[in-house]
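Open the model in your viewer and keep the sequence panel beside it. We will go from stop to stop, selecting a few residues at a time.

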Amino acid sequence: MRYNLREILIPPYDLPHFGVMKNVFDQEEIDRILFYEKILNFEKAQTIGEQQGEKLEEDDRYRICDIASMMIDQNTQWLWDKIGHISAKANYDLFLYDINAIEDLNYLIYHGTENGKYISHRDVLMHGYRRYDRKISGIMMLSDPSEYKGGELLIDTHATDSKEKWRKVELEKGDVVFFDSGFTHCVEPVTEGKRQVIVFWLYGKNKL
């Protein structure tokens, strides 16, 4: 029997490009990750503002949180391995993108005392061209919803003009959400407590 592969394979544009994996990390694994918070070098997160002449200015008005990079080493190898595994599954089930690499894992802390937030943005380069860019964004929740107030993750999965129509993503501790890096999204201000997440991006080659 001969099969028409074009009929069997689902083309990428018919896939949802969004999905949540529930309970990916258990409490023991979460505790291992939270321990890194004591030894990582956190800085105030910034975004790259508009280009002024030839200089790109950093802007901290739009993103209020602490950030630290989690490089791969003997202590984090297990975490990288697991994220690589679930990312491959998410790509196969939801995207079917040509992925080449994972960017450094970033540990983010949004403090209620600072009204931590990240206004509407996309994770891709909006102007110019680069050979490789972010294709899939991933966010892993480290905090229990009872540990903070506010901090809602909103994602525009259907290119709507109204923010009220964006998808509100409710994550439990240990959940991971994947979405197209071109989707506009935001983190609403955290008003109480502390919201901790790991964020990462899957890279792929851009077409000319």
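## First stop: a sheet edge

Select Ile 64 and you will find Lys 117 of E9 standing opposite. Strands here, like helices, are DSSP runs numbered from the N terminus, with at least two residues for a strand (E) and at least four for a helix (H or I). Now colour E5 and strand E9 (residues 117-121): they pair in the antiparallel sense over two bridges. Two strands count as paired if DSSP finds at least two bridges between them.

Extend the selection to the whole open sheet, whose five strands run in the order E5-E9-E15-E12-E13 with antiparallel pairing. Strand E5 (63-64) and strand E13 (167-169) stand at the edges with a single partner strand each, so one side of each has no neighbour in the sheet.

## Step back: the whole chain

This is a predicted model, in which local features need pLDDT of at least 70 and side-chain atom pairs pLDDT 80 or more, while totals for chains, interfaces and linings use all residues. Residues are numbered from 1 along each chain as its sequence is written, and side-chain values use heavy atoms, with hydrogens and water left out.

Switch to a cartoon view, where the chain shows three helices and 16 strands. Of its 208 residues, 42% count as buried; buried means under 20% relative accessible area, exposed means over 50%, and partly exposed lies in between (1.4 Å probe, protein chains only). Turn on the surface: the accessible area comes to about 12,600 Å², and 49% of that belongs to carbon and sulfur atoms. These areas come from the Shrake-Rupley method with a 1.4 Å probe, and for residues only the protein chains shown count as cover.

Contacts (heavy atoms within 4.5 Å) come next. Among those in the chain with a separation of 6 or more, 83% are between residues 24 or more positions apart.

## Second stop: Asp 66

Select Asp 66, in strand E6 (residues 66-70). Is Asp 66 buried or exposed? At 12% relative accessibility, Asp 66 counts as buried. Leaving out residues up to four places away in sequence, Asp 66 touches Phe 42, Glu 43, Lys 44, Tyr 107, Leu 108, Ile 109 and His 111. Show the side chain of His 111 as well, since a polar contact of 2.9 Å links this side chain to that of Asp 66. A polar contact is a pair of N or O atoms within 3.5 Å; within protein, one must be able to donate a hydrogen and the other to accept it, and residues adjacent in sequence count only if both atoms are side-chain atoms.

## Third stop: salt bridges

A salt bridge here is a side-chain nitrogen of Lys or Arg within 4 Å of a carboxyl oxygen of Asp or Glu, and by this rule there are nine. Start with Glu 114 and Lys 44, whose side chains meet at 2.8 Å, N to O. Their positions are 70 residues apart: Glu 114 is in the loop between strand E8 (105-111) and E9, Lys 44 in strand E2 (residues 43-44). Glu 114 is partly exposed, at 32% relative accessible area.

Next, select Lys 149 and Glu 192, a salt bridge with its closest N and O atoms 3.8 Å apart. Lys 149 lies in strand E11 (residues 148-150) and Glu 192 in strand E16 (residues 190-205), so the pair ties together parts 43 residues apart in sequence. Both are partly exposed: Lys 149 at 47%, Glu 192 at 43%. Then return to the earlier stops, where salt bridges that share partners join Lys 44, Asp 66 and Glu 114 into one network.

For a pair within one helix, pick Asp 93 and Lys 89, whose salt bridge is 3.0 Å, N to O. They are four residues apart in helix H3 (residues 77-95), about one helical turn.

## Fourth stop: Ser 137

Select Ser 137 in strand E10 (residues 132-141). Its relative accessibility is 2%, so Ser 137 counts as buried. Which side chains make polar contacts with Ser 137? The side chain of Asp 123 does so at 2.6 Å, and that of Ser 181 at 2.9 Å.

## Last stop: two cysteines

Select Cys 65 and Cys 186. Cys 65 is buried at 2% relative accessible area, and Cys 186 is buried at 1%. The structure holds zero disulfides, counted as pairs of cysteine sulfur atoms within 2.5 Å.
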